[in-house]
Every structure is written in C-alpha cells, then in structure tokens.
Amino acid sequence: MKKDRIKKNIVSPYYLIVRRIVLSLIMVGAIVIVAMMLADTIVPLILTYVVLIGAYFAGIFYYLPVCYNNCKYYLFEDHIVIRKGFFIVKESRVDYSKVHYSVISQGIVQRRFGVCTVALMMAGSKQMVSNIAVKDARLLKHLEERSKKDG
Amino acid sequence: MDKKRKFIKAHPYSVIRHLKISVLLVLITVLQQFLIRPRGIIALIGSLGINALYVIVILSYYISVYGNFRYRLENRAIHIHSGIFRKKDYVIPYSRILTYVFYTNVLSVMFGAAKVSVDTPAGSGRSHDVSIYCSLRRAREVRERILGKEKRKPQYRARTLSILLMSAFWSNPVTGFVFIVPTIVSAGNILGTEARNNIVLNSLNYRDSIIAEYVSPVAAFLASVIMMAWAVSMLLFFMRYANFCSYRVDQKLVVSRGLLSRCTTVLDMGAVSYVSIDKSLLMRLLKLQSCTVSVIGSGKMKGDIGMIVCPEEKKKAERNIRRLTGIVPRESNIVKPAKFSIYSYIYLPLYVLIGFIILYYLSGYMPFLRETTVIFTQIFSAVSVWWLLFRIYSYRNARIGLCGRCITLCGFRRLTLKHYFIPMDKIQWIEISRTPFQIKKGTCNFRVHLYSEKNVTCYIKQLPIAEVRAFLSKCRLRTAYPAVHDLPIDPSTY
C-alpha cells in the first residue's frame with residue numbers, strides 16, 4: 001500500500017486560518033443580527049452576546065484545532081483516503097474510478113490563501129476534500145482523470 | 001491529448017429570459033396606474049419604486065452570473081467555470097453523462113439560443129447536474145457529437161388523439177378534482193335552498209340570509225375554477241407532449257416532444273434501469289397501453305417520466321417497444337400471488353367503500369345537510385368502486401417472471417398497472433420480506449431495488465415463498481455471476 005502512496009497528507013497549513021476567518025465573519029454577522037433583534041432589551045442582549053462569544057472562542061481555540069488535527073487526506077495512485085471529524089472521526093476511501101465528476105470551488109477567503117475545496121461527485125453521495133492547496137487539487141483532478149482514461 | 005479550446009461565454013439569452021418577469025412586473029404597475037386608478041406621474045414613480053428595485057437587483061444578479069460563466073467543450077469532457085463570489089470549476093467527462101436534454105422555445109429560437117442540460121448518476125435527482133445556454137450551432141455540435149451527423153426519421157410518432165386523451169384524463173393531475181365539482185355545486189344549491197326556506201318559515205335570520213345569498217354563487221365559482229384549472233392543465237400537458245416522437249440511434253434513445261417549447265432527450269440505452277408498460281383502468285377499457293423508461297437523470301422531468309411510447313393499441317405499442325428497446329413482452333417462469341391473498345390487494349378500497357355505504361344509510365337520520373351528504377357519498381362510492389375494480393384488476397395481473405435477461409414484475413403503483421422489465425445487471429438487490437402472518441401462510445412480499453438516484457423500487461405483494469425461491473435460483477442461472485453461497489469457501493481455490 002505504501003508504494004503507491006503519492007503524498008502523505010495534503011491538508012493545507014492554511015486550513016486553520018481560513019476556517020478561523022470564516023467563523024469570525026459568521027460571528028460578526030451574528031452579532032449584527034442579534035443587535036438588531038434585541039436592541040431594546042439589555043439583559044437578553046448581553047446574555048446572547050456572552051453565549052455567542054463563548055461559542056466563538058470555543059470554536060476558535062478548541063473545535064477548529066481538533067478538526068484540523070483529525071483532518072487527513074492521503075492521496076494514492078487509484079484512490080484517496082479522507083479522514084475527518086470532531087467527536088466521531090470518519091475515515092472513507094474513495095476510488096477515483098467511482099467518481100463521476102469533480103467540482104473545484106474557491107471562496108473569497110480561500111482565494112486569498114491559495115486553497116480550494118474539491119467535491120468528488122459519486123452516485124448517491126459526494127465527498128468534500130476541503131482546504132487543500134490548488135496544486136494538490138490539480139494533482140487530485142489529474143489522478144481522477146487518468147483513472148477514467150485507463151478505465 | 002485534449003485539443004485545447006478557448007473558454008466561451010454562455011449565450012446572452014440566459015439573461016434575456018429573466019427580462020420576461022421583469023417586464024411583467026413593471027407593466028402590471030403601469031397598467032394599474034393608468035387603467036384602474038389613474039394618478040400623477042410622481043405617484044407612478046413612487047409605486048414603481050419597489051418593483052423597479054426588485055428588477056434591478058434580480059437583473060444585476062443574473063448579469064453577474066452570466067459574466068462569470070464560461071464553458072469549454074473538450075474532447076473528453078465538458079469544462080465549466082462559474083460563480084460570483086465562490087468560484088466553481090466543473091469537469092464532467094462525456095463517458096459519465098447518461099442523459100442530455102436540449103430545450104428550445106419560440107423566444108430562444110428567435111435569439112438563436114438553446115439550453116443543454118446534462119445528467120450523471122452523481123446528480124441530486126431534483127435538478128439537472130449542469131445546464132448551459134449556448135448558441136443553436138453549438139447545441140447542434142453537441143448533438144452531432146452524441147448522435148452523429150446523419151439525420152434520422154422518427155421510428156415512432158404519437159397520434160394527436162392519444163395525447164389529447166392522455167392530457168385530458170390519466171396524466172392530468174387535476175382530473176381527480178373534477179369528481180368533486182358536482183358535489184360542490186349541488187351542496188351549494190342545497191344549502192342555499194335550505195337557508196331560503198328557513199328565512200320564509202322563521203323570522204329573518206342574518207346567518208341564513210348570508211348563506212342564501214352567497215353560498216350558491218361561491219360554490220358555482222369554485223366549481224368553475226376547478227374546471228378552468230383542469231382545462232388549463234390539459235392544454236399545458238397537450239402543449240408539452242404534442243409532436244411526440246422517438247427513435248433509436250445505436251445505443252442512444254432520442255425522445256422529442258413539445259409544441260411551443262421543444263424538449264429533446266437523449267438517453268443512454270445501456271443505462272436504462274427499467275422499461276415499464278403502463279395501463280390504468282380507463283386505458284384498459286380503451287385497450288391502450290403506454291411505455292416509459294427510467295434512466296438516471298430522466299427523473300428530473302415532470303409528468304410522465306421518460307415516456308417513449310404514448311398510449312397506443314396493444315399491437316402497435318408492442319411493435320414500437322420492440323423497435324425502440326428490443327424488448328419482446330413474452331414471459332416465462334411466471335409466479336403469481338397466492339389465491340387467497342386477494343384480500344391484501346382490495347382491503348383499503350373495500351373498507352373505504354363500506355364506510356361510504358354506511359354514511360349513505362346514516363344520512364337518513366341526519367338533522368341537517370342530508371341531501372348534500374347523499375350526493376357526496378354517491379359520488380365517492382362510485383370512485384371507491386372504480387378503485388376497488390382497479391385493485392381486483394391489478395391482483396389478477398400481478399406476477400413476476402423472466403423475459404430474456406430481464407426480470408419482469410407486474411404490479412400497481414397508485415392507479416396504474418405497471419409491467420416492469422428490469423435488466424438483471426441493473427438490479428441492486430432483491431428484498432423478500434415476510435410478516436408473521438405471511439410466514440404462517442407461506443407467502444412473501446417481493447421488492448426489487450434499482451440503480452437510481454431516487455431509490456426506485458418495484459414491489460409485488462403476497463407471492464408464494466417456495467415459488468419465489470425456485471424463481472430466484474432460475475434467475476441466478478441466467479446471470480453471469482454466481483450467487484454468494486455458490487462460491488467456494490477458500491478464495492484461493494476460486
């Protein structure tokens with residue numbers, strides 16, 4: 001198995017920073033919405049802010065690092081192994097021959113750090129390989145296309 | 001190596017088609033101002049404000065979608081770039097595409113545009129995987145790539161009469177509501193008369209006077225709305241299925257239909273999950289039958305999914321089915337439901353019918369709405385009898401069997417008797433379920449799960465378990481793969 005492994009783990013080092021920025025943007029949006037909704041009531045407003053900020057820091061300093069540590073994408077010649085999760089860590093193997101087509105998407109924050117998300121579309125389900133470097137996404141796409149040509 | 005081509009923009013018609021709604025929105029406001037309640041120009045601009053803002057936002061969104069959409073038809077795949085904020089990059093190999101749908105309508109042809117949609121097994125089942133608005137020339141290029149440059153004559157062309165019948169009765173979703181119309185009208189009339197009598201007999205009552213004056217016209221209005229909806233639905237359905245024709249090009253099946261907006265579907269015959277011959281009770285009385293196929297991707301089309309032969313006489317339908325799909329509907333090794341199991345087919349309509357009969361006799365003791373209840377029960381008893389007859393008909397025809405390399409299942413789905421022909425390699429698994437009563441009686445329910453994005457299953461009730469087991473062992477002999485328990489235990493010896 002080790003012989004046909006191409007890359008050990010292709011998760012980008014920017015994984016954490018990208019997800020932290022996205023979470024912060026969501027937080028800003030939530031603060032604005034809560035301020036608009038509970039402008040007249042001080043106590044519920046403060047309580048909601050306390051909960052929100054607590055959740056935000058728990059997300060930034062605990063949830064996201066654990067997710068990052070659990071997230072591994074092992075690239076092989078004919079398949080990819082995707083390992084991710086928080087409480088329950090799931091490991092799935094996707095054969096390139098079973099992938100019907102792939103979609104590479106890049107959000108605004110992802111574009112700034114040169115990372116992207118690859119959706120591997122299969123019959124009945126899809127697997128997301130998120131926050132990997134663009135060159136690794138191209139390599140993954142190349143391997144997938146090559147398996148189709150061989151198949 | 002792929003011949004590299006430039007990425008092309010979508011056809012501007014993808015934006016123009018949204019102008020229809022925008023123009024309507026603006027026009028309605030202007031007409032309201034000038035015809036119904038004329039006011040000054042400032043009031044007009046004021047009332048146009050929200051609609052205009054909506055139009056500007058919607059149009060600027062679609063213009064930016066159009067501006068960010070690029071596609072390229074490569075030698076092996078379709079390559080698409082899209083997305084305003086989140087950029088997406090699709091690569092769909094031609095080898096994975098099972099269904100192509102080409103849409104054109106009067107307006108798009110005027111602008112020289114067509115919509116090409118493609119579907120793969122990885123789709124969601126709710127919408128097409130990818131849709132591209134391109135020029136007619138490029139749509140033709142895609143079509144020629146799939147079907148070749150040679151022009152073919154349709155092998156099957158549907159009669160206008162059969163499409164009219166289809167759109168008037170069994171395929172029209174509003175047909176069921178037409179049964180309620182006489183009930184509504186007569187209930188309205190009876191209520192109105194009762195209220196008028198009350199006014200004459202007793203002193204003037206405010207509630208009765210309202211009922212006497214308004215219920216009858218409201219009921220008539222409701223009935224006319226339902227009849228109008230039925231007529232509109234029939235017209236739409238007829239427009240959708242007019243000029244229906246189908247033909248086969250090697251491994252591709254082409255179905256073309258539509259009057260003002262034309263839809264041409266190209267299905268891969270190798271990916272057909274099942275071919276089904278459909279008959280409702282009315283179709284049976286008129287000695288007609290239609291044929292549909294299921295391919296992943298074809299489920300996104302509304303109405304009669306994947307219809308390839310419209311309702312035709314038996315001989316003509318069978319000839320066209322053979323020509324288009326290669327299936328000759330002759331079966332062997334037939335297994336029919338157990339003789340005593342008719343009850344499980346008819347119990348639901350039977351109980352409903354008994355309920356209506358009881359209600360009919362009880363209506364004699366009702367203090368009010370007596371005549372309305374009588375009419376209601378009479379009409380719905382007739383509907384229940386129809387349902388019961390259909391269930392008896394489906395029990396008499398229910399069976400499983402073999403036809404070449406296909407398993408055949410004949411069972412009912414809603415009010416249609418469907419005769420499925422399922423290629424053995426398209427069967428995902430077969431489920432045989434038994435309740436404690438069925439274990440005692442030696443029967444089972446037989447369900448076939450198919451390769452589809454919608455988890456399609458075909459189902460027959462109350463088959464004798466011993467005969468089903470014998471049937472399955474015969475099926476195994478016909479397949480290329482041995483059953484799991486037939487394999488040697490040690491894999492190295494195999």
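## Contacts between chains A and B, rings and a helix

Q: How many residues of each chain are in the contact between chain B and chain A?
A: The contact, meaning heavy atoms within 4.5 Å, takes 18 residues from chain B and 23 residues from chain A. This is a predicted model, in which local features need pLDDT of at least 70 and side-chain atom pairs count only at pLDDT 80 or more, while totals for chains, interfaces and linings use all residues. Residues are numbered from 1 along each chain as its sequence is written, chains are lettered from A in the order in which they are written, and side-chain values use heavy atoms, with hydrogens and water left out.

Q: And how much area do the two chains bury between them?
A: About 1,600 Å² is buried between chain B and chain A, with 54% of it on carbon and sulfur atoms; buried area is the accessible area (1.4 Å probe) that two parts lose on being put together, summed over both. On the chain B side, B:Arg86, B:Arg96 and B:Ala122 lose the most area to chain A, and together they make up 33% of what that side buries.

Q: Which residues form the salt bridge between the chains?
A: B:Asp89 pairs with A:Lys141, their closest N and O atoms being 3.8 Å apart, and the count between chain B and chain A is one salt bridge. The term requires a side-chain nitrogen of Lys or Arg within 4 Å of a carboxyl oxygen of Asp or Glu.

Q: Switching to rings, how many aromatic pairs are there over all chains?
A: There are 24 aromatic pairs over all chains, where rings of Phe, Tyr and Trp (its six-membered ring) pair if their centres lie within 6.5 Å, and planes under 30 degrees apart count as stacked, over 60 as edge-to-face and the rest as tilted. B:Tyr360 and B:Tyr361 are edge-to-face because their ring centres are 5.4 Å apart and their planes stand at 80 degrees.

Q: Is B:Tyr361 buried or exposed?
A: B:Tyr361 counts as exposed, at 59% relative accessibility, whereas B:Tyr360 is partly exposed at 33%; buried means under 20% relative accessible area, exposed over 50%, and partly exposed in between (1.4 Å probe, protein chains only).

Q: Back to the other chain, what span should helix α1 of chain A have?
A: Its 23 residues (15–37) should span 33 Å, and the end C-alpha atoms are 33 Å apart, which agrees. The expected span is 1.5 Å times one less than the number of residues, and helices (H or I, at least four residues) and strands (E, at least two) are DSSP runs, numbered from the N terminus.
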